[in-house]
Amino acid sequence: MTNDNLFDPVALANSKFCDAENDPGGYSHSTTELRHYADYKMSTDIEIRQMTPQDVSAGMRLKELAGWNQTERDWMRYLAFEPEGCFVAVRGGIVCGTVIAQRYGTDLGWIGMVLVDPEHRHQGIGTRLLDRGLDFLDRQGIETVKLDATPEARSLYLARGFKDEYEIERWGGIAAPKENPGIRRIEPHDMGRICACDAMVFGADRTRLLTALWQEVPGYTAVAHLSGEVTGYFFGRTGSLAHYLGPWVAWGDAELAEQLLMEFLIRVGGERAFVDICVENANVGTIVEAVGFSRQRKLTRMYRGPNRSPGKPSMICGIAGPELG
Ligand SMILES: CC(C)(COP(=O)(O)OP(=O)(O)OC[C@H]1O[C@@H](n2cnc3c(N)ncnc32)[C@H](O)[C@@H]1OP(=O)(O)O)[C@@H](O)C(=O)NCCC(=O)NCCS
């Protein structure tokens with residue numbers, strides 16, 4: 001049984017819920033049950049099915065309606081990573097919602113791209129998509145699930161047992177880079193050590209993701225060393241609105257964090273860039289403000305389950321992306 005069927009609508013419809021004489025207000029049922037029943041009635045014509053490459057243009061339409069930055073290549077990467085964890089909601093043959101559920105190793109799952117067409121919102125479709133993604137991760141035996149919630153979606157996640165972990169802020173703008181010697185592009189032989197550092201900082205192994213990001217745009221990556229040890233790195237990618245910096249990590253050193261940002265700005269030729277900074281890192285807000293970026297929106301990192309490996313958020317300058325962690 002999937003979480004789509006967390007309640008039994010038929011039993012509910014046949015129960016005292018509909019017994020106006022004995023229970024006129026339906027008070028014998030919890031608010032949650034009543035809400036599920038309303039959602040069920042509103043969205044019975046919705047089919048949730050696996051996403052395919054043919055749905056990418058529909059996914060692009062939905063993310064454009066939300067003003068997000070992803071490209072077709074991002075969608076194709078989600079599908080390549082977790083083909084059975086990507087879902088669409090379809091009404092009357094038209095895709096009106098999406099969700100992706102991905103795994104990092106065996107312990108951590110990530111929910112992203114929860115999108116519903118504005119014309120179909122407030123009918124329980126977002127919740128059904130979330131439940132389908134969670135159900136996929138549950139069936140893989142994943143204990144901890146995380147996501148980065150927009151303010152409008154946070155209540156949806158709270159209702160499914162997610163808790164706040166820390167704040168993330170999207171910053172962006174156009175900044176003039178300064179000359180920045182000493183930081184070089186990531187080469188294949190660097191990846192082992194970078195991925196090991198990243199697993200420590202993020203709290204789960206993202207080798208597959210980082211390798212894909214490196215393969216997609218190697219020119220948007222950089223690594224810094226001190227005495228042969230990795231002290232910082234970044235990956236980046238192109239977006240439909242702006243170049244995206246992340247993950248961006250520096251070992252507790254504000255100066256190095258700033259140098260890495262400068263290097264990314266050089267790579268993108270002074271064009272518009274976005275980064276989602278980790279507010280737990282005390283230095284990074286000042287750094288992005290100093291280059292002339294402005295704050296665009298806030299997100300809340302949330303988790304469900306034991307959160308046994310929280311990583312080291314105070315070392316994270318920029319996350320990999322709200323849909324990636
Ligand atoms: C966030 C988003 C996915 C929610 O989609 P949705 O289909 O409207 O979600 P739901 O209908 O399940 O729930 C939304 C609200 O409608 C309410 N609702 C659900 N069914 C309802 C019904 N039949 N009648 C009235 N209200 C209903 C829910 O209780 C919920 O209320 P809340 O906000 O007070 O918790 C959608 O607003 C969206 O795409 N936003 C832009 C992108 C975004 O921010 N995505 C989240 C990324 S983390």
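Helices (H or I, at least four residues) and strands (E, at least two) are DSSP runs, numbered from the N terminus. The model on screen is predicted, and local features need pLDDT of at least 70, side-chain atom pairs count only at pLDDT 80 or more, while totals for chains, interfaces and linings use all residues. Residues are numbered from 1 along each chain as its sequence is written.

Begin with the ligand and select the shell of 21 residues that surround it, each with its C-beta atom, placed from the backbone, within 6 Å of the ligand; Arg121, Gly126, Thr127, Thr150 and Ser155 are the closest. Colour next by element: helix H2 (31-42), strand E4 (108-116), helix H5 (125-139) and helix H6 (154-158) each supply at least two residues of this shell, and the largest share, 4 residues, comes from H2. By class, the shell has 10 nonpolar, 7 polar and 4 charged residues (Ala, Val, Leu, Ile, Met, Phe, Trp, Tyr, Cys and Pro count as nonpolar, Asp, Glu, Lys and Arg as charged, and the others, Gly among them, as polar).

Now select helix H7 (residues 191-202) and helix H8 (residues 207-216), whose axes, lines fitted to C-alpha atoms over the stretch in contact, come within 10 Å and cross at roughly 130°, on a scale from 0 to 180 degrees between N-to-C directions. Show Met191, Ile194, Cys195 and Asp198 of H7 together with Thr207, Leu210, Thr211 and Trp214 of H8, which make the contact (C-beta atoms, placed from the backbone, within 7 Å). By class, this contact of H7 with H8 has 5 nonpolar, 2 polar and 1 charged residues.

Finally, zoom out to the chain, which has 10 helices and 12 strands.

Definitions and conventions:
Two residues are in contact if their C-beta atoms, placed from the backbone, lie within 7 Å.
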